[in-house]
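Biologist: I'd like to go through this one with you, asking at each step how you know what you claim. Let's look at it first.

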Amino acid sequence: MIRLYNTLTRKKEDFQTLEPGLVKMYVCGVTVYNDAHVGHAMSALVFDIVRRYLEYRGYKVKHVMNFTDVDDKIINRANQLGIPPLELSNKYIADYRQNLLDLNILPATATPQVSKTMPDIIKFIEGLIERGYAYPAPNGDVYFRVTHDEDYGRLSARKLDDMQAGARIEIEEQKEHPMDFALWKAAKPGEISWASPWGQGRPGWHIECSAMNLVELGEQIDIHGGGNDLIFPHHENEIAQTESYTGKEFARYWMHNGMLQLGGEKMSKSLGNIISIKEFISKREADVMRMLVLNGSYRAPLIFNDETLDAAEKGLERLKSALRPATAQGAESAAEAAAALPAAIETVKKAFTDAMDDDFNSAGALGQLFDFVRAINTARDAGATAAQLQPAQDTLRELTGVFGLRLAEKTSTGDADKFIDLLLEVRAEMRQQKQWAMSDLIRDRLKALGVTVEDSKNGATWRWA
RNA sequence: GGCGACGUCGCCAAGUGGCAAGGCAAGGGUCUGCAAAACCCUCAUCAUGGGUUCAAAUCCCAUCGUCGCCUCCA
């Protein structure tokens with residue numbers, strides 16, 4: 001039984017889907033007006049791991065991720081650049097898709113956009129007005145009437161009265177209540193807009209997700225995810241809109257990832273302390289970012305700095321070490337050396353699943369994998385054969401695959417391999433003749449070229465690093 | 001100011017009532033001409049102060065501290 005922490009109840013709950021074997025999962029995507037950063041990557045990775053694990057456990061997952069491609073900031077940025085807003089957002093949508101591919105994140109099964117969901121959004125707003133949950137203002141805006149929603153504030157655990165209405169938001173004369181939020185914004189002159197019963201305008205931020213959910217997944221979904229900075233007001237408002245519209249419970253489980261921390265602060269576009277995904281990928285292997293996420297708890301803040309990244313990179317190397325080939329040539333002790341592996345395989349599979357079942361405890365599961373790595377390496381050192389190592393290495397591949405790790409060894413780009421082999425053959429001859437200085441020089445020079453040479457009693461091995 | 005989450009070894013971090021996983025770093029060792037890798041060994045009583053309990057890192061209260069939200073934000 002999978003258990004997961006539900007923000008709505010602030011407890012871990014047994015996971016049961018609305019339909020057997022099917023998970024409907026909606027995860028808030030990004031507003032596309034500039035390069036996505038590693039904080040976005042964290043969120044995307046968290047839910048990619050959730051999805052991969054659910055699939056590993058036999059569920060079919062409908063995974064919807066939206067693009068907010070109509071928004072104030074997109075409009076402002078497009079104006080600065082002198083290009084149409086949708087041209088700008090389309091560029092960044094393409095960029096973001098590439099970022100996700102680079103990070104080995106499985107493509108969502110649907111990726112709706114605001115600009116392509118307009119009729120459904122308008123219909124949704126009309127429905128809310130009909131039911132008395134929304135009202136058009138004289139200026140052409142339409143607002144949600146929070147006082148009509150008895151349990152408004154349920155998700156973020158706050159009450160309307162506690163929110164010091166008006167303290168940090170400007171009192172809007174058009175609104176009945178200061179906490180009422182816009183479903184539809186009347187167009188300013190020259191702004192991109194769509195026709196509606198309330199005049200030219202565009203949707204407010206929250207309504208898009210309610211509408212896209214309805215279109216893509218229906219009235220009720222299993223998991224709704226996103227960063228914990230979206231709990232209020234975004235997700236709170238989504239619940240208010242959808243439940244007021246359908247009269248049914250919206251999402252059964254609300255999952256929120258913690259914020260990525262850079263220099264003790266949340267990384268965010270508005271703070272400007274940003275490292276883009278593109279920049280990260282140019283400097284580190286994508287698996288390193290995933291490893292950093294896996295080593296932490298998805299709900300807790302993730303500390304992102306050179307030290308934690310270096311550790312993640314080393315940990316990755318350690319996982320890879322278990323995948324290296326057998327070194328012995330069928331030694332007699334091989335059977336004994338490999339004897340412990342079948343049991344280790346059973347142990348790690350169970351422990352891995354137990355940990356992940358408990359609210360996707362990837363750090364706990366990862367610890368189990370490291371224990372397994374030691375078992376494999378010990379067997380190899382003791383002389384296990386390739387055939388004996390194979391099942392264990394396959395298991396490790398399978399489980400790290402559930403995590404979405406690629407564990408790719410770097411490979412040669414050209415015909416270098418055979419020349420390196422030749423060089424090492426010659427070097428082996430030199431070592432026979434104890435020409436240590438020259439042997440070491442070759443090893444050092446190859447290292448500088450990205451080739452790691454390791455000598456052992458069975459001869460030298462090498463790999464790209 | 002209000003609300004929420006959290007505070008475990010030098011760093012990251014699992015563990016939510018019964019002798020404190022794992023990774024990185026560090027020290028010692030095996031192997032080795034050296035180096036590297038791998039393997040073995042060493043390395044914490046859980047922010048502080050009270051309380052509940054046979055038993056608490058784990059539950060309760062207080063204090064201190066950190067982060068997030070309350071405005072756009074993954």
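**Charges, rings, strands and a pocket**

Biologist: What makes you say that the charged end of Arg 158 sits over the ring of Phe 232?

Modeller: The charged end of Arg 158 is 4.4 Å from the centre of the Phe 232 ring. The rule asks for NZ of Lys or CZ of Arg within 6 Å of the ring centre and within 35 degrees of the ring normal, so 4.4 Å passes the distance test. Arg 299 does likewise over Tyr 5, at 3.8 Å from the ring centre.

Just keep in mind that this is a predicted model, where local features need pLDDT of at least 70 and side-chain atom pairs count only at pLDDT 80 or more, while totals for chains, interfaces and linings use all residues. Residues are numbered from 1 along each chain as its sequence is written, chains are lettered from A and ligands numbered from 1 in the order in which they are written, and side-chain values use heavy atoms, with hydrogens and water left out.

Biologist: Fair enough. Why is the pair of Phe 144 and Phe 181 called stacked?

Modeller: A search of the whole structure turns up 15 aromatic pairs. In this one the ring centres are 5.1 Å apart and the planes make 15 degrees, so it is stacked. Rings of Phe, Tyr and Trp (its six-membered ring) pair if the centres lie within 6.5 Å, with planes under 30 degrees apart counted as stacked, over 60 as edge-to-face and the rest as tilted. The pair also links distant parts of the chain, with Phe 144 in strand β6 (142–144) and Phe 181 in strand β7 (181–186), 37 residues apart. Strands (E, at least two residues) and helices (H or I, at least four) are DSSP runs, numbered from the N terminus.

Biologist: Are those two buried or exposed?

Modeller: Phe 144 has 0% relative accessibility and counts as buried; Phe 181, at 7%, is buried too. Buried means under 20% relative accessible area, exposed over 50%, partly exposed in between (1.4 Å probe, protein chains only). Pro 84, in the loop between α2 (72–81) and α3 (85–102), has 44%, so it counts as partly exposed.

Biologist: Back to the strands. How do you know that β5 and β6 pair?

Modeller: Two strands pair if DSSP finds at least two bridges between them, and these have three, in the antiparallel sense. Pro 136 stands opposite Val 142 in β6. β1 (3–6) and β2 (11–14) also pass, with four antiparallel bridges, and there Leu 4 has Glu 13 as its bridge partner. In that hairpin, with four residues between the strands, Arg 10 takes a positive phi near 55 degrees.

Biologist: What makes β5 and β8 the edges of their sheet?

Modeller: The open sheet has four strands in the order β5-β6-β7-β8, with antiparallel pairing. β5 (134–136) and β8 (201–203) each have a single partner strand, so one side of each is left without a neighbour in the sheet.

Biologist: Last one: what makes up the lining of the second largest pocket?

Modeller: It has 31 lining residues, with Arg 324, Pro 325, Thr 327, Glu 454 and Thr 461 nearest the centre. β15 gives the most, six residues. On a 1 Å grid over the protein atoms alone, a pocket is an open set of points where a 1.4 Å probe fits, with protein on both sides within 12 Å along at least five of seven lines, and lining residues have an atom within 4 Å of a point.
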